[in-house]
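Q: I'd like to learn how to read a ligand site and a set of cysteines in a model. Could you walk me through one?

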Amino acid sequence: MNKRFLLTLCAVVSFGVPLLAGGGTISKDIPLYKQPSASTDMRVADLLSRMTLEEKVLQLSQYIVGLNTNVNNTGEVNTGLPDGVGSYIYFSGDAKLRNALQRKAMENTRLGIPILFGFDVIHGFRTIYPIPLAQGCSWNPELVGELSAIAARESRMSGTDWTFSPMIDVARDGRWGRVAEGYGEDPYTNAVMGVAAVKGYQGDTLSSKANVAACLKHFAGYGRSEGGRDYTATDVSRQSLWETYLPPYEACIKAGAATVMSAFNDISGTPATANCYLLTEVLKKRWHYQGFVVSDWNAVQQLIPQGVAANRKEAARKAFSAGLDMDMKDDCFREHLTSLVAEGKIDEKEIDESVARVLRLKFQLGLFENPYTPVYEDSERILRAEDKEVAARMAQESMVLLKNDNSLLPLKKGMTMAVIGPMAKDKENLLGSWKAHGRAEDAESIYEGLEKEFGRHTRLLYAKGCDFDGNDTSLFAEASSVASQADVVILCLGEKSAWSGENASRSTIALPCIQEQLATELYKTGTPVVILLSNGRPLELARLAQQCDAMLEMWQPGIAGGTPLARILSGSVNPSGKLCITFPFASGQIPIYYNERQSSRPDQGKYQDIPTTPMYDFAYGLSYTTFSYGALRASSAAIQKSGKVRVEVPVTNTGNMDGYETVHWFVSDPYCTISRPQKELKHFEKRFLKKGETALFTFDIEPQKDFSYIDETGNRFLEEGDYYVIVKDQKVNIEIK
Ligand code: GLC
């Protein structure tokens with residue numbers, strides 16, 4: 001037996017590492033790391049023992065390849081790279097280029113370590129489905145999981161093993177463009193939806209050709225961006241970190257998320273990318289995280305402008321020593337880690353620990369045994385009909401009916417409809433930000449959806465009315481004329497997809513004036529108006545709401561939004577979406593969110609010039625039917641800390657249409673050692689009720705989980721006293737004895 005094999009064997013046996021991966025035999029003639037019957041830990045140990053320091057550092061380096069489509073850094077390329085890099089951000093969408101690059105790593109390098117190919121598959125690879133902010137409004141985590149599995153399958157079959165998703169940054173400032181990428185303002189919602197996405201992406205085994213590794217981002221507190229401006233410093237107290245920003249990450253880590261991405265932002269003086277408390281104390285020591293942390297784009301080098309590194313070498317040292325494992329794009333690690341080890345400023349054992357984390361994922365993905373992606377027919381790989389159907393279901397369940405005066409909706413067939421506005425025939429902007437390999441040509445426009453749903457019985461008129469922005473009112477007259485000929489106006493407004501997403505902050509969340517002016521002109525005609533909104537953030541709608549009879553938030557639905565939208569307008573589908581983020585009355589109210597702490601003078605401190613309440617609350621959404629809530633009841637009025645209590649509420653569909661209802665269960669603890677948010681979402685349940693049907697919605701409370709609070713050290717405490725469980729306008733008191 002060769003010495004290295006014996007050494008590895010001793011190493012792993014002495015640490016009690018399992019030798020075999022469930023059966024099979026170990027050959028002494030083949031390097032252990034190349035033997036799938038050996039356990040992953042054993043293969044990692046063996047491979048590490050064979051690697052030079054330079055080879056190790058290369059595994060901690062990620063570069064880009066393919067046409068860089070990220071508008072925030074287009075043109076940035078990596079050139080002159082060695083064959084065996086740790087990872088690529090893979091902008092190309094086909095397996096051939098990937099296989100060519102992978103072959104170089106497998107065949108031209110000493111140890112043949114496969115490359116990990118990552119990409120931003122945020123809401124679909126080619127079958128683009130609603131943006132995550134819309135998904136949050138569906139209150140359907142199962143559907144989030146289904147869609148993530150579709151995205152994973154398309155990605156893996158196209159040569160991408162790893163997605164930089166889900167983004168689970170709690171966000172409460174609609175001016176911040178990245179609010180589109182997460183699941184809204186509430187920690188619990190982001191946790192539940194994030195877990196669903198992780199499980200959808202990763203499935204039962206990462207080695208499957210239909211699964212990809214997930215990446216939780218951006219760790220942490222990025223959503224607290226000052227003024228909603230991207231990349232800015234964030235002032236996040238430890239209390240807020242633990243109470244608001246970390247819970248989604250802890251939940252998703254427990255769900256097995258393979259990787260984490262550190263955030264751009266400075267966190268009260270320590271940038272996330274060099275934040276030892278976050279990356280090591282919390283993530284690796286307290287949560288026992290076994291995956292690895294990749295930086296965000298150039299974030300290591302950005303420690304210099306952030307003022308904590310004098311040069312790239314210090315940036316590399318600080319980031320790595322804080323717990324960052326992989327450096328995205330800026331090459332600081334490859335440039336300096338080797339010399340930092342030589343100078344004794346970094347211990348090679350720490351390098352080994354990070355490399356082991358990266359190698360472990362590559363083994364788990366099966367890349368050593370299957371480094372190449374088969375070349376599939378497009379018909380098998382992307383845009384399958386059944387997948388587009390799932391995307392349509394999410395579009396349908398995420399749209400939120402905001403206003404419906406005099407039950408204008410649903411619309412009767414046989415009408416004359418004037419379809420007006422910049423979004424009416426648009427396709428590109430329905431895809432939203434981070435559209436990966438999505439194409440406008442794949443999308444169904446609002447107009448096309450209306451034609452399919454209403455076309456046979458309804459006369460559709462069209463006018464563009466105006467552009468998305470600017471001040472050209474020359475098309476107003478034509479639009480007003482078309483409106484005057486119709487029984488109803490369908491006014492299609494909203495945002496360009498580039499107005500949200502990364503580096504897309506806006507000083508106001510109102511739509512451009514030209515769109516509001518068009519609405520005013522059309523409302524003057526006297527023809528009833530339905531406003532449809534396609535956007536990537538909460539909007540300021542106080543004025544627009546006065547210029548219409550009905551208003552529907554359709555978000556950015558991806559490629560399959562037109563028909564679901566039309567089916568809601570026709571009444572074939574009863575809208576069921578409810579907001580996962582508050583819509584402020586005005587941009588000046590920002591930040592405003594449901595789970596704020598109580599004011600010291602709840603009845604004072606109001607704005608003098610605008611209401612202090614939002615335009616549309618968290619969890620708001622109308623239906624075509626009505627739901628009546630019976631009495632909220634608790635199985636006990638007082639329990640021990642270790643006890644359990646069931647709270648239930650009967651809900652009846654008292655209207656004339658079947659429909660989904662989501663019940664949101666909040667907890668309130670008005671007297672505690674620390675002041676707590678006025679109420680906190682702890683459970684939600686969505687069910688389909690036929691007209692006249694009554695269903696019992698329940699919440700089984702575990703006080704330690706649902707009533708306790710978390711303090712600035714991350715410890716949970718459950719105090720005796722009165723707690724309240726709140727549903728709509730009811731609350732029931734439960735005493736913890
Ligand atoms: C970007 C984003 C991050 C993305 C990464 C790779 O700058 O901040 O969300 O995953 O770089 O594209």
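A: Gladly! Let's start with the idea of a polar contact: a pair of N or O atoms within 3.5 Å. Keep in mind that the model here is predicted.

Q: Which side chain has an N or O atom 2.9 Å from an oxygen atom of the ligand?

A: That side chain belongs to K217. Two acidic residues join in: D296 places a polar side-chain atom 2.6 Å from a ligand oxygen, and for E502 the corresponding distance is 3.0 Å. As for cover, the ligand taken alone exposes 310 Å², and the protein buries 100% of that.

Q: Where does the ligand sit?

A: A cavity is a space where a probe fits but cannot get out. In this model, the ligand sits in the largest cavity.

Q: Which residues surround the ligand?

A: Besides K217, D296 and E502, the surrounding residues include the aromatic side chains of F164, F264 and W297, along with M261 and M328. N70, D120, R178 and H218 are also part of the shell. By class, the shell divides into five nonpolar, two polar and five charged residues.

Q: On to the cysteines. How many disulfides does a search of the whole structure find?

A: A disulfide needs two cysteine sulfur atoms within 2.5 Å. The search finds zero.

Q: Why is C137 not bonded to C580?

A: The closest cysteine sulfur to that of C137 is in C580, but at 3.8 Å it is too far for a bond. For C276, the nearest cysteine sulfur is that of C332, 19 Å away, and C276 is in no disulfide.

Q: Are C137 and C276 buried or partly exposed?

A: Buried means under 20% relative accessible area. C137 is buried, at 0%, whereas C276 is partly exposed, at 34%.

Technical notes: Residues are numbered from 1 along each chain as its sequence is written. This is a predicted model: local features need pLDDT of at least 70, side-chain atom pairs count only at pLDDT 80 or more; totals for chains, interfaces and linings use all residues. Side-chain values use heavy atoms; hydrogens and water are left out. A residue is near a molecule or strand if one of its heavy atoms lies within 4 Å of it. A polar contact is a pair of N or O atoms within 3.5 Å; within protein, one must be able to donate a hydrogen and the other to accept it, and residues adjacent in sequence count only if both atoms are side-chain atoms. Accessible areas come from the Shrake-Rupley method with a 1.4 Å probe; for residues, only the protein chains shown count as cover. On a 1 Å grid over the protein atoms alone, a cavity is a set of points where a 1.4 Å probe fits but cannot get out, and a pocket is an open set with protein on both sides within 12 Å along at least five of seven lines; lining residues have an atom within 4 Å of a point. A molecule sits in a cavity or pocket if more than half of its atoms lie within 2 Å of its grid points. Ala, Val, Leu, Ile, Met, Phe, Trp, Tyr, Cys and Pro count as nonpolar, Asp, Glu, Lys and Arg as charged, and the others, Gly among them, as polar. Buried means under 20% relative accessible area, exposed over 50%, partly exposed in between (1.4 Å probe, protein chains only).
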